[in-house]
Amino acid sequence: MDKKKVMRFIGVSTSDSSINKIFPKWAEILNLNAELRGLDLPIGTSAEKYRNALDEMISDSNCVGALVTTHKIALYEGAKDRFESFDSFASACGEISSLKISDGKLFGSAKDPITAGLSIEEFLEPDHFKNGASVLCFGDGGAASAIVWYLTGLEVAPKNLYFSGISQASLNRLQGVIADRPNSERVKTLLADPNEINQILENLAPASLIINATGMGKDIPGSPMPLGSKFPGQAIIWELNYRGSREFLQQAKNQGEDLIIHDGWRYFIHGWSQVVAEVFDIELTPKLLIELSTAAKSAK
């Protein structure tokens with residue numbers, strides 16, 4: 001019998017992820033003789049350790065690729081020369097969420113723009129922003145870059161897209177990602193400041209979208225939403241994390257009122273299914289996605 005193929009999962013706390021229960025069910029559905037192995041690396045890992053991790057994967061003849069969370073940008077910046085090529089999203093966004101190994105060579109992809117789009121399309125109508133609703137996104141990393149990439153390309157784009165981060169360099173990088181995108185002039189970045197955030201919140205139109213695209217509430221405790229701040233009425237709240245303490249999600253639930261709240265479960269499903277399909281050369285049809293989603297829910 002052939003040895004099991006290995007797919008790696010590069011993150012911060014991989015053992016806590018539901019994918020460890022879900023992957024065996026997906027492998028059965030997809031007829032894969034494969035297993036998932038986590039690789040935990042702390043935030044702020046050195047380029048040398050990223051490169052060593054890639055060398056380890058390449059040297060394992062059974063390893064076919066990996067999904068990357070948290071480290072998407074840092075891995076790209078620290079080891080991009082190790083890759084044979086990147087897809088257009090990885091090159092444009094400067095991040096890697098999916099890496100595939102073929103004939104001892106690495107190929108990188110960024111699936112987050114696709115994942116973000118698929119997720120948003122499930123809870124927003126195509127013309128949702130026609131009445132002047134805006135977006136406030138907490139985050140300046142890979143997920144935020146993917147979200148701004150998708151949203152600036154909408155035919156009916158948000159009136160304004162505010163991105164609040166903790167690193168000016170990361171915010172500058174985000175601006176660079178969308179420099180040539182339509183509606184890029186609507187994107188405004190700011191270093192996290194409670195007073196400025198509260199001013200933005202007070203002026204958001206009804207049905208505006210507010211997103212937590214940080215690692216807060218999963219990789220590290222806390223919420224990017226300032227204590228005592230209020231979400232505007234009729235806002236749509238999207239917590240990208242599906243697990244963890246999720247203080248941002250709890251803030252929205254505690255406020256209640258007329259908020260519409262979504263967690264990160266569907267983002268998680270789309271992200272993993274896209275990468276598994278890429279790594280194992282699987283055509284991800286709508287019918288197959290439904291089957292995978294059903295199996296994932298039973299293992300959640």
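A residue counts as buried when its relative accessible area is under 20%, and as exposed when that area is over 50%. Keep these cut-offs at hand for the exercises below, which all work on a predicted model.

## Exercise 1: Buried or exposed?

Decide whether Ser293 is buried or exposed, and do the same for Lys130.

**Solution.**

Step 1. Find Ser293: it belongs to helix α11, residues 286–299.

Step 2. Take its relative accessibility, 13%, and compare it with the cut-off; Ser293 therefore counts as buried.

Step 3. Look at its surroundings. Leaving out residues up to four places away in sequence, Ser293 touches Arg266 and Ile269.

Step 4. Now turn to Lys130, which sits in the loop between α5 and β7. Its relative accessible area is 55%, so Lys130 is exposed.

Step 5. For a sense of distance, pair Lys130 with Asn254: 124 residues separate them in sequence, and their C-alpha atoms are 29 Å apart in space.

## Exercise 2: Walk across the mixed sheet

Work out which strands stand at the edges of the sheet β2-β1-β3-β5-β6-β4, and which strands pair with β3.

**Solution.**

Step 1. Write down the order. This open sheet of 6 strands runs β2-β1-β3-β5-β6-β4, and its pairing is mixed.

Step 2. Read off the ends. β2 (34–40) and β4 (83–86) each have a single partner strand, so one side of each lacks a neighbour in the sheet.

Step 3. Check the twist: neighbouring strands are turned by 20° against each other on average, direction ignored.

Step 4. Move to β3 (residues 63–68) and look at one side. Strand β1 (residues 5–11) runs parallel to β3 and is joined to it by 5 bridges. In this pairing, Val6 stands opposite Cys63.

Step 5. Look at the other partner, β5 (residues 98–102), which runs antiparallel to β3 and shares 3 bridges with it. Here Gly65 faces Lys100, while Ala66 has Leu99 as its bridge partner.

Step 6. Ask how covered β3 is: 6 of its 6 residues are buried.

Step 7. Add the helices. Helix α1 (residues 19–29) lies across β1 and β2, at about 155° to β2. Helix α2 (residues 47–59) lies across β1, β2, β3, β4, β5 and β6, and runs at about 40° to β5.

## Exercise 3: The parallel sheet

Describe the sheet that holds β7 and β8, and name a helix that packs on it.

**Solution.**

Step 1. The order is β9-β8-β7-β10-β11-β12, an open sheet of 6 strands with parallel pairing.

Step 2. β9 (187–191) and β12 (260–262) are the edge strands; each has a single partner, so one side of each is without a neighbour in the sheet.

Step 3. From one strand to the next, the twist averages 15°.

Step 4. Zoom in on β7 and β8, which pair in parallel over 4 bridges; Leu136 stands opposite Tyr162 in β8.

Step 5. Helix α9 (residues 247–255) packs on this sheet and touches β7, β10, β11 and β12, with its direction at about 155° to that of β11.

## Exercise 4: Compare two helix pairs

Classify the packing of α6 with α7 and of α1 with α10 as roughly parallel or oblique.

**Solution.**

Step 1. The axes of α6 and α7 come within 10 Å and cross at roughly 30°. An angle under 35 degrees counts as roughly parallel, and α6 is therefore roughly parallel to α7.

Step 2. This crossing of α6 and α7 is right-handed. Ala144, Ser145, Val148 and Trp149 of α6 meet Arg173, Leu174 and Val177 of α7.

Step 3. Helices α1 and α10 (residues 265–279) pack at about 45°, with axes 12 Å apart. That angle makes α1 oblique to α10.

Step 4. The crossing of α1 and α10 is right-handed. Among the contact residues are Ile22 and Phe23 of α1 and Phe268 and Val276 of α10.

## Exercise 5: Find the cores

Find which helix gives the most residues to the largest nonpolar core.

**Solution.**

Step 1. This core has 30 residues, and those with the most contacts inside it are Ile147, Leu151, Leu209, Ile211 and Trp238.

Step 2. Several elements supply at least two residues each, including α5, α6, α7 and β10.

Step 3. The answer is α6, which gives 7 residues.

Step 4. A second, separate core has 28 residues, including Ile19, Trp272, Phe280 and Leu289.

How values were computed
Residues numbered from 1 in each chain as written. Predicted model: local features only at pLDDT ≥ 70, side-chain atom pairs only at ≥ 80, totals over all residues. Heavy atoms only, no water. Buried < 20%, exposed > 50% of the residue type's maximum accessible area, 1.4 Å probe, protein only. Pairing = 2+ DSSP bridges. Core = buried A, V, L, I, M, F, W, Y, C linked by side-chain atoms within 4.5 Å. Axes fitted to C-alpha atoms, helices over the stretch in contact; angles between N-to-C directions. Contact = heavy atoms within 4.5 Å. Parallel < 35°, antiparallel > 145°, perpendicular 65-115°, else oblique. Left-handed = near helix turned anticlockwise from the far one by under 90°.
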